[in-house]
Amino acid sequence: QVQLVESGGGLVQPGGSLRLSCAASRNIFSTYAMGWYRQAPGKQRELVARISSSGSTNYADFVKGRFTISRDNARNTVYLQMNSLKPEDTAVYYCNAVNDYVTYTYWGQGTQVTVSS
């Protein structure tokens, strides 16, 4: 089993920045892809960013140039640096881990991000 715990959400003004953290209960980055998803009320959960076990990254079009996903292997932690935040970025952000070889998927509990004046 893998537990994922998100933190770093909060209230920020438009144009501001936040850094989300996802701490894994054990070292999994060599065999798992890690992702950040978000879900706003009344909307489907959507992919924000992903980092593979090899370190390759992918981003949704609506965050390219503003958000950066990264990982710290020593801390078993994945980060999402969010800059130039917009009100439409308001959502609960979830951390996700998918195994490279078998169909094991894990989700964190989510952290609320609110972008408002």
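This passage describes the fold, the nonpolar core and selected side-chain arrangements of a predicted model.

The chain contains eleven strands and zero helices. Read along the sequence, its elements therefore follow the pattern β-β-β-β-β-β-β-β-β-β-β. The radius of gyration is 14 Å, close to the 13 Å that the globule rule gives for 117 residues, so the chain is as compact as a globular protein of that length. Along the principal axes, the C-alpha trace spans about 45 × 25 × 25 Å. Of the contacts in the chain with a separation of 6 or more, 54% are accounted for by residues 24 or more positions apart. The exposed area of the chain is about 6,200 Å², and 45% of this area is supplied by carbon and sulfur atoms.

With regard to burial, 42% of the 117 residues count as buried. In soluble globular proteins, nonpolar side chains tend to be buried together. In the present model, the largest nonpolar core comprises 31 residues. The members that touch the most other members are Leu 4, Met 34, Trp 36, Leu 80, Met 82 and Tyr 93. Several strands contribute to this core: E3 (18–24), E4, E5 (46–51), E7 (67–72), E8 (77–82), E9 (91–99) and E11 (111–115) each supply at least two residues.

Cys 95 is found in strand E9. With a relative accessible area of 0%, Cys 95 is buried. Leaving aside residues up to four places away in sequence, Cys 95 touches Leu 4, Glu 6, Cys 22, Met 34, Gly 35, Trp 36, Tyr 106, Trp 107 and Gly 108. Among these contacts, Leu 4, Met 34 and Trp 36 also appear in the list of core residues that touch the most other members. By contrast, Pro 14 lies 23 Å from Cys 95 in space, C-alpha to C-alpha, and the two residues are 81 residues apart in sequence.

Aromatic side chains were examined next. A pair of aromatic rings is described by the distance of the centres and the angle of the planes. The structure holds two aromatic pairs. One is formed by Tyr 32 and Tyr 106, whose ring centres are 6.1 Å apart and whose planes make an angle of 45°, a tilted arrangement. Tyr 32 lies in strand E4 (residues 32–39) and Tyr 106 in strand E10 (residues 105–107), so this pair ties together parts that are 74 residues apart in sequence. Both partners are buried: the relative accessibility is 3% for Tyr 32 and 12% for Tyr 106.

The other pair consists of Tyr 37 and Trp 107; with centres 5.0 Å apart and planes at 65°, the pair is edge-to-face, because planes over 60 degrees apart fall in that class. Tyr 37 belongs to strand E4 and Trp 107 to strand E10, so the pair ties together parts that are 70 residues apart in sequence. The partners fall into separate burial classes, since buried means under 20% relative accessible area. Tyr 37, at 17% relative accessibility, counts as buried, whereas Trp 107, at 35%, counts as partly exposed.

Charged side chains also meet aromatic rings in the model. The charged end of Arg 19 sits over the ring of Tyr 79, at 4.0 Å from the ring centre. Similarly, the charged end of Arg 45 is placed over the ring of Tyr 94, at 3.8 Å from the centre of that ring.

Definitions and conventions:
Residues are numbered from 1 along each chain as its sequence is written. This is a predicted model: local features need pLDDT of at least 70, side-chain atom pairs count only at pLDDT 80 or more; totals for chains, interfaces and linings use all residues. Side-chain values use heavy atoms; hydrogens and water are left out. Rings of Phe, Tyr and Trp (its six-membered ring) pair if their centres lie within 6.5 Å; planes under 30 degrees apart count as stacked, over 60 as edge-to-face and the rest as tilted. Helices (H or I, at least four residues) and strands (E, at least two) are DSSP runs, numbered from the N terminus. Buried means under 20% relative accessible area, exposed over 50%, partly exposed in between (1.4 Å probe, protein chains only). A charge sits over a ring if NZ of Lys or CZ of Arg is within 6 Å of the ring centre and within 35 degrees of the ring normal. A nonpolar core is a set of buried Ala, Val, Leu, Ile, Met, Phe, Trp, Tyr and Cys residues joined through side-chain atoms within 4.5 Å. The radius of gyration is taken over C-alpha atoms; the globule rule is 2.2 Å times the number of residues to the power 0.38. Contact means heavy atoms within 4.5 Å. Accessible areas come from the Shrake-Rupley method with a 1.4 Å probe; for residues, only the protein chains shown count as cover.
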